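Hi,

Here is the structure I said I would pass on. Have a look at it first, and my notes on what turned up follow right below.

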Amino acid sequence: MSWTTSGETPADRVTEDLVIRALTGFATRSPWKVIALWAVLGIATAVLGQAFLFRATQPSAGEFLPATYDSAAALKVAEEHFGVKPDANPLTVLVARADGAKLSDADERRIDDEAAKLARREVAMPKTKQTPPLAQDHSQVPRVSPAMTAPDRSFRLLSVELTGNPMDPGMQDLYRAFRDQARAGFAEAGLRTGFTAGIADSVDSADAEKTRSTVVGIAMLVVIVLLHVLVFRSLLAALLPLLVVSVIGGAAAGVVVGASLLTGVQLDASTPQLINVVLIGIGIDYFLFLLFRFREQLRERPEQTGRDAAAEVAGRVGTAVTSAALTIIAAFSTLGVASFGQFRVLGPAIAVSVLVMLLGSLTLMPALLAVTGRKMFWPSRGLRREPSEGMAGRMGRRVAKRPVTMVLASLALLGALAAGLTGMHMDYGTGGGGDTNTAAARTAAEISRALPAGVSDPTTVFVTASDGGRIDPQALGGLSKALAAVDGVGQVAPPVPSEDGKAVRIDLFLTAEPQGQQARDLVSGPVRDTVTAHRPEGTEAHVGGTAALFADISAAVSGDLKLVFPVAAGLIALILVLLLRSLLAPLVLMVSVGLGFAATLGASALVSQNFLDRPGVNFMLPLVLFLFVVALGTDYNILISDRIREEMEKPGPARAAVARAVRHTAPAIATAGLVLAASFGSLAVNPNPGTQEIGFATALGIMLSAFVLSIVLVPALAALLGRSIWWPVRPRRTDHRGGGDEYGHNGHTGHPGHVGHTGSADDNGRPVPVG
């Protein structure tokens, strides 16, 4: 008996899998060497990566904008002529009388004197037991200067600048030390203080969220462990995947940080967190797929040793895992063509991380299976008996028996959700509206009652001479007057020249919240139009600040999405063709994933705009869904498709093969989908609307990918198309004894591929004669 594919010999398959089987074979032959190597190098890389993490990240989003954008040019002028550093953290300090009375002239002098003392005093970064040994010392002398007094004299504002990565815990501790020093100094003079904007907002939000984040994190960990315990009835099988993925993920992040430091290409501050989430998702996916196949192998071959079973399973599953990982690598690598530097760095960084996870999946995971053997599933007795058909088996039979109904039902559900795209709007705000009860938020509200909302975060116009010469601030009176007349500009500060006299800055205090959509529309439209129309002859002018920066980022992102999506789709399709050795199967997978993406984005729009009454979906959401839902959805589809192909290479009807594939693969996909959806779903309890939206949408997209696309739609289409789905290299029978009833049932429970009668069948399960 033999079973091959047209135009493909077993020798070809062995050649293709040579590298994969070499890795998995070495890992299962010498498991302790592999485990020791990962324990030493992996943990060391993870520790070093964490120690140098914040030296490799760039906190300023503006540094990632191409120089052609107006706000990027403004940043360059600010750095060259006004000494503004890329990692500068401006914040606003409110000082008022403790008794609530209005400030006198003497009070203002005391405030300015204390500000001068703060500007001369070094703030030492606190050292705690949690401070890493190689942590960067952020001790520094802050820049402090008086800004203005409220018109009603209820408070005076100070402008402060601290330098360092605001995401670095050491830098956050430094801010807390400065805050305590300033608060104590002014309190001695009978004055109270408030701190807002920049790092003050970040630290207060982090402190407010600390308890919530800890509780949610513990809850999600408990849910994941309990889910694994329910599936495997084993504590070791529940905890080991989390431990292994953490080690490999830490090593991958360390490799990325090391590459960043060696190349000088800095990462965005959000990149490490995104890497962690992606690797947890795919790492648990791959380990679960190995565990389910390992358990299946031990049940079918009770005489086989755990090491031999691990070698056979890892070699067989390694191809599917490699295919899935290469597809994700391709998806993220396409971000390298983006114009926005944050995307251009993020894509290759995650691609490298996934490559490290793939290496761990082919070495460390098989090694652990080889070492633990049947003990992996202790104390479960599930290895001693063939499990009942279960929900997965019933679903497999239903999909194989009624594929048309299943396809139509799936398309109806996805189409209904995708209908939300028709009324979708993009919200280019930063997702404000978070916790308004923090000290920083209350200080900002107090300032806005007496001054324009943009006082603590001004929009700045930088003017330079076209020939690089000196510029007279007096010549900018007309521009200042025109800007003051723009609706939405609450106040215009006097022009301030740079020390070299070659640039002048004009601060605008908008009446709109600087991080909101209204401020972006104002800056990108009327303000820039006014600057263009009224700047003096022979000068260049650029508009900078938070509102201008995010207005330009939104434009860059919109253009990049139009380029990245088609490039990614083409590259993924090409890889699927090469990996699946088919033209029709990749088309089925691409269409199904595309439908899942559209359904997820449409559902997000419906919820955000119709139920939560928001102006639109966050402008970053399409990219986030592309990164997580499309990449991981393709991951699940490859895993089910690989099992369908494997089952179709056995004798018997194609629909019976699909039923068996769903029965054996659906539990792994469902478990992985639930784990990942729960992880992302935890973000939905965050007070920030943008984070809530991302958490909800990603969890929904993963559930659709796992339970609709991979378990229902793709298998149903495979049942309809039969072995033709692998056209033009479709599996064919040369000489065998036929197999099982229409849904793969037979009298031998030990091996699903065992045949129960003589003869054969066509792709629709109809018997055909042999010989």
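Alanine 251 is buried, with a relative accessible area of 5%; the cut-off for buried is under 20%, so this residue falls inside it. Before going further, please keep in mind that this is a predicted model. Alanine 251 belongs to helix α8, which covers residues 235-263. Its C-alpha atom is 9.7 Å from that of glutamine 50, although the two positions lie 201 residues apart along the chain.

Helix α13 gave me a bit more to write about. Which residues make up the patch of positive charge on the surface? They are Arg394, Arg398, Lys401 and Arg402. Of these, arginine 394 has its place in helix α13, residues 390-401. Arginine 394 is partly exposed, at 38% relative accessible area, because that value sits between the 20% and 50% cut-offs.

Now for glycine 396, which is found in helix α13 too. Is glycine 396 buried or exposed? Glycine 396 counts as buried, because its relative accessibility is 0%. So helix α13 holds a partly exposed arginine 394 and a buried glycine 396. Glycine 396 also has a distant partner in sequence: valine 658 is 262 residues away along the chain, yet the two C-alpha atoms are 7.0 Å apart in space.

Next, a patch of another kind. Val404, Leu408, Leu720 and Leu721 make a nonpolar patch on the surface, of about 330 Å². Two elements each give two or more residues to this nonpolar patch: α14 (403-418) and α22 (689-721). Leucine 720, one of the patch members, is found in helix α22. At 36% relative accessibility, leucine 720 counts as partly exposed.

Last, the strands. Strand β9 (residues 459-465) and β13 run antiparallel and are joined by six bridges. If you want a spot to look at in that pairing, try phenylalanine 462, which stands opposite histidine 542 in β13. Why is strand β13 described as largely enclosed by the rest of the structure? The strand spans residues 539-544, and five of its six residues are buried, so the rest of the structure largely encloses it. As background, in a regular strand the side chains alternate between the two faces of the sheet.

That is what I have for now. Send me any questions once you have had a look around.

Cheers

Key:
Residues are numbered from 1 along each chain as its sequence is written. This is a predicted model: local features need pLDDT of at least 70, side-chain atom pairs count only at pLDDT 80 or more; totals for chains, interfaces and linings use all residues. Side-chain values use heavy atoms; hydrogens and water are left out. Patches are made of residues with over 30% relative accessible area and no salt bridge: like charges are joined within 9 Å, nonpolar side chains (Val, Leu, Ile, Met, Phe, Trp, Tyr) within 5 Å. Accessible areas come from the Shrake-Rupley method with a 1.4 Å probe; for residues, only the protein chains shown count as cover. A salt bridge is a side-chain nitrogen of Lys or Arg within 4 Å of a carboxyl oxygen of Asp or Glu. Lys and Arg count as positive and Asp and Glu as negative; His and the chain ends are not counted. The place of a charge is taken as NZ of Lys, CZ of Arg, CG of Asp or CD of Glu. Helices (H or I, at least four residues) and strands (E, at least two) are DSSP runs, numbered from the N terminus. Buried means under 20% relative accessible area, exposed over 50%, partly exposed in between (1.4 Å probe, protein chains only). Two strands pair if DSSP finds at least two bridges between them.
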